[in-house]
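Let's take a walk through this assembly together. The tour goes from domains to sheets and then to the contacts between chains.

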Amino acid sequence: MTHLLSIADLGREGIEEVLRVAEAFAEVGSRPVRKVPTLRGRAIATLFFEDSTRTRLSFETAAKRLSADVLSFSAASSSVKKGESVRDTVETIEAMGMDALVVRHASAGVPVQVSRWVKRCKVVNGGDGWHEHPTQALLDCFTVCQARGAIGGLRVLVVGDVRHSRVARSQVLAYSALGASVTLVAPSSLLPPSLEGWPVEVADDLDAALPEADVVSLLRLQAERGSGAFVPSLREYTARYGLTARRAALLAPGALVTHPGPMIRGVEIASDVADLPQALVTRQVANGVAVRMAVLFLLLGGAM
Amino acid sequence: MAERERSHTRGGTFVPRAHVLSAADVQRALIRMAHEVVERNRGLDDVVLVGLQTGGVPLAHRMAEALKDAEHVEVPVGTLDVAFYRDDIGLRPVLPEAVTEIPGDLTGKVVVLVDDVLFTGRTVRAALHALSDFGRARAVQLAVMVDRGHRELPIRPDYVGKNLPTRRAEMVDVSADGVTVGVLG
Amino acid sequence: MSRALLLRGAEVVDAAGRRRADVVVADGVVRAVGPDVAGAAPARARVLDASGCVLAPGLVDLHAHLRQPGAEESETVETGGRAAALGGYSAVVAMPNTDPPVDCAAVAREVLALGKRSPVEVAVAGAITVGRAGERLAPMGELAALGVRLFTDDGAGVQDGAVMRRALDYARGLGVTLAQHCEDARLAGQGAMHEGAWSSRLGLPGVPAAAEEAMVARDVALARLTGGRLHFLHLSTAGSVELVRRAKAEGLLVTAEVAPHHLVLTDAACAGYDPTFKVSPPLREDEDLVRLRAGLEDGTIDAIATDHAPHAPEAKDLPFDEAPPGMLGLETALAVALSVLGLERALACLSWRPAAIAGLAPRHGGPVAEGAEANLCVIDPSATWTVDPARLASRSRNTPYAGWTLTGRVRHTIVAGDAVVVDGELVR
């Protein structure tokens with residue numbers, strides 16, 4: 001594999017390899033010196049045409065722990081503002097001797113396009129529009145694996161704004177590749193227009209679905225993308241799809257709750273639920289670094 | 001560990017040619033090496049064994065058993081995977097084999113690195129680098145079951161089970177059955 | 001005065017039928033047609049070999065974006081005209097969504113004047129509303145006086161039903177045709193491709209088929225209300241074909257076209273996020289393809305029109321949802337049409353039917369007969385060629401058929417008696 005653009009690029013074996021290598025890197029994160037010389041002399045650029053502090057920090061921390069040099073590009077403070085195209089930006093930055101580009105863009109498919117424009121750089125999708133956010137899904141799988149030992153046979157609920165969620169698209173591919181059964185629970189206006197070819201079930205009633213679930217993946221309601229207009233009100237959305245304390249009580253013992261962040265407490269997850277031990281939100285963040293180290297290592301140093 | 005890694009990444013299978021040490025020979029050598037460790041360090045104070053993933057790990061545990069039999073002391077045993085410290089990353093597929101587990105801070109300790117086969121010395125170099133991230137050991141010593149020569153770095157073992165002259169293209173396999181020399185088929 | 005021509009050995013195909021004949025052209029008109037007319041050719045006549053080829057009336061494109069004035073980096077009337085000539089066209093209708101748009105006589109005159117230097121005849125469509133803003137009617141009478149016969153706000157549909165109704169009422173009196181780009185802007189939203197399985201998987205906002213069909217249905221009702229003459233541009237969905245079929249059965253004065261790419265490409269082409277495959281209306285699904293082809297076969301859809309929409313490479317190097325829609329068509333339309341239709345039907349859809357809709361018949365698209373204006377093309381229907389974007393005459397490169405091997409190639413094109421393309425090469 002030369003790039004990580006979609007979970008589909010990995011397949012089951014690829015995902016398992018990332019998770020296995022991530023385990024070794026998780027140990028590195030617990031050492032007194034949380035850094036290995038693995039990618040010394042390699043240069044990685046994070047190209048964020050759309051702001052995202054946490055994903056950027058996670059990738060940059062991962063790169064630095066691998067001893068790679070990190071070049072940080074953000075559209076807000078760059079030539080993009082002056083009208084430079086994504087292609088010119090990519091070609092300029094690659095010419096500076098980069099080995100990998102982590103690309104985040106508000107438009108779906110930009111990392112795919114970038115992979116056609118680069119000459120030798122590896123491209124990692126750091127989240128593109130509504131399309132995919134592969135490293136987020138990988139870290140979710142890693143976190144669930146840590147807690148449950150394996151993914152195969154688990155029942156996963158993906159709850160919320162699937163229509164506008166890149167995380168959901170990657171999760172569906174990753175969880176199902178690893179043998180979990182995935183159910184989407186959402187207001188029908190927030191489902192994608194077509195689910196043809198998606199290995200999922202669809203449910204409308206969260207209360208009925210919760211007791212059966214092993215993993216509940218809550219999605220953010222993308223209010224800034226206008227998702228608010230797809231439901232009558234946030235109040236009604238929370239009433240039907242929010243993980244309230246009452247609903248959390250319906251969860252089976254050992255069931256896990258994941259959230260890609262940033263959380264909107266009080267909308268998709270109640271504040272007291274977000275702090276429950278089953279909620280893996282902070283562990284997800286820590287694992288994010290290990291998983292991104294694994295991805296960068298496999299692309300630049302390993303056998304990927 | 002180097003041997004094993006190369007054999008599977010080259011994609012060949014190990015074809016045995018000569019059985020050099022029996023299981024009993026290996027056990028005798030381990031006991032002798034354990035005594036040498038005690039002798040050299042005048043006891044086992046501050047001694048920590050670190051087995052290199054993967055071939056060195058069972059040997060480190062067996063050496064700890066031998067030390068317990070001889071001195072009635074439980075020596076801490078750690079494991080170390082050096083994949084992230086190798087100098088050939090990007091030249092060939094390098095993957096971590098297993099998780100590293102170092103028992104506590106190594107500052108002031110005497111670390112005995114244990115591996116099955118010493119060949120070019122590059123794995124040991126990577127291990128020395130990795131160890132330094134877990135503290136400043138008072139001393140690092142090297143124990144190997146087989147030294148097969150062909151060093152590419154200025155590294156020499158402190159404890160050797162058997163010096164075994166080989167040709168470069170040959171492979172050495174250390175297992176529960178003993179030591180076998182063979183080639184990739 | 002142009003040199004006389006003798007076209008030898010062709011099979012003539014036109015609205016009147018099919019027959020073996022040589023054709024003599026002189027002084028801009030067809031002098032003789034028949035099996036033994038070589039003797040009628042002037043002594044100095046240039047002989048063009050047409051053996052094994054089909055000689056037909058020149059093709060007529062109802063829908064070409066020639067980009068001039070305003071976007072000359074993408075195309076000009078001249079470069080678009082050259083592409084048209086190579087595609088077998090003798091006339092094209094230039095779309096009015098230029099900058100400034102063709103919403104007044106001055107801009108129409110400019111484009112018509114530029115057309116005089118083009119190898120093919122350039123007719124101009126006018127805007128329905130001022131600035132194509134969908135609010136006030138453009139001076140359709142003034143434009144009609146310059147010969148404009150087709151009016152459209154193409155690029156967008158006239159969203160306001162009351163404005164469209166007024167335009168149809170007004171156009172009826174002028175005897176001109178309104179051409180609608182059917183797309184409800186609110187339903188289309190920010191859609192970048194067809195809404196369906198692919199858009200859902202790719203995470204791209206989609207344009208539902210209903211965005212087109214809602215406006216087709218509304219405009220059918222308005223055609224009924226006003227008795228106006230209405231042409232549906234680039235229909236792309238099975239539902240639209242059905243709506244037009246019923247409107248025609250009712251006897252309404254409606255006609256319709258389809259773009260070549262909607263006959264052979266589906267939304268699956270967008271899987272690689274290559275904006276070359278972004279077009280408006282978007283590439284649809286297999287079922288739509290089948291129904292559009294059937295619509296051509298049974299006459300529900302009258303014409304194949306290219307919607308030739310050149311874009312400079314930098315414009316198509318944008319993220320998929322930011323890139324402008326549109327693809328080239330003039331140089332490939334005939335071969336694409338021949339891949340889905342029989343020869344006679346393909347020529348009807350590319351020549352005489354669109355010529356009638358554009359008000360260019362019988363000078364264009366008319367039968368190849370003595371005394372007719374010599375707008376002709378000679379096609380080798382069995383020649384195969386591979387589309388190389390670098391070798392297109394268009395100033396832009398955004399063809400969706402790069403690397404495709406197509407069957408059917410234009411050999412000669414004759415416009416007003418002049419051989420502008422000979423043996424597949426532009427003359428001059």
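In this predicted model, the centres of domain 1 and domain 2 of chain A, taken over C-alpha atoms, lie 25 Å apart. The domain assignment gives 7-132 + 285-300 as domain 1 of chain A and 134-281 as domain 2 of chain A. Where the two meet, 21 residues of domain 1 of chain A and 19 residues of domain 2 of chain A take part in the contact. On the side of domain 1 of chain A, at least two residues each come from α1 (11-28), β4 (122-128) and α11 (281-300) of chain A. The largest share belongs to α1(A), with six residues. By class, this side of domain 1 of chain A holds nine nonpolar, seven polar and five charged residues.

Chain C also has two assigned domains, with domain 1 at 5-55 + 369-426 and domain 2 at 58-358. The table sets out the centre separations and the residues in contact for these two chains.

| Domain pair | Centre separation | Residues from domain 1 | Residues from domain 2 |
|---|---|---|---|
| Domains 1 and 2 of chain A | 25 Å | 21 residues | 19 residues |
| Domains 1 and 2 of chain C | 26 Å | 29 residues | 42 residues |

Which elements supply the side of domain 1 of chain C that touches domain 2 of chain C? Here β16 (376-386), β17 (405-415) and β18 (418-422) of chain C each give at least two residues. Among the contributors, β17(C) has the largest share, seven residues. This side of domain 1 of chain C divides into 18 nonpolar, eight polar and three charged residues.

Back to chain A as a whole, which has eleven helices and nine strands. Its C-alpha trace spans about 55 × 45 × 35 Å along the principal axes. A compact globule of 304 residues would have a radius of gyration near 19 Å, and chain A agrees with that because its own value is 19 Å. Of the 304 residues of chain A, 51% count as buried. Sequence-distant contacts feature strongly too: among contacts in chain A between residues at least 6 apart in sequence, 77% join residues at least 24 apart.

Now for a sheet in chain A. Five strands form an open sheet in the order β7-β6-β5-β8-β9 (chain A), with parallel pairing. At its edges sit β7 (200-203) and β9 (256-258) of chain A, each pairing on one side only. On average, and ignoring direction, neighbouring strands of this sheet are turned by 25° against each other. One of the pairings joins β5 (residues 155-159) of chain A to β6 (residues 181-185) of chain A, in the parallel sense, over five bridges. Within β6(A), A:Val182 is the residue opposite A:Val156. Helix α6(A) lies across β5, β6, β7 and β8 (215-218) of chain A and runs at about 175° to β5(A).

Finally, the contacts between chains. Chain A gives 22 residues and chain C gives 19 residues to their contact. On the side of chain A, α3 (86-95), α4 (110-117) and α6 (166-177) of chain A each supply at least two residues. The most comes from α4(A), with three residues. That side of chain A is made up of eight nonpolar, nine polar and five charged residues. Chain A also meets chain B, in a contact that takes 16 residues from chain B and 14 residues from chain A. The side of chain B that touches chain A has nine nonpolar, four polar and three charged residues.

Conventions. Residues are numbered from 1 along each chain as its sequence is written. Chains are lettered from A and ligands numbered from 1 in the order in which they are written. This is a predicted model: local features need pLDDT of at least 70, side-chain atom pairs count only at pLDDT 80 or more; totals for chains, interfaces and linings use all residues. Two residues are in contact if their C-beta atoms, placed from the backbone, lie within 7 Å. Helices (H or I, at least four residues) and strands (E, at least two) are DSSP runs, numbered from the N terminus. Ala, Val, Leu, Ile, Met, Phe, Trp, Tyr, Cys and Pro count as nonpolar, Asp, Glu, Lys and Arg as charged, and the others, Gly among them, as polar. Domain bounds come from an automatic or database domain assignment. The radius of gyration is taken over C-alpha atoms; the globule rule is 2.2 Å times the number of residues to the power 0.38. A residue is buried if 20 or more other C-beta atoms lie within 10 Å of its own, exposed if 12 or fewer, and partly exposed in between; C-beta atoms are placed from the backbone. Two strands pair if DSSP finds at least two bridges between them. Axes are lines fitted to C-alpha atoms, for helices over the stretch in contact, and angles run from 0 to 180 degrees between N-to-C directions.
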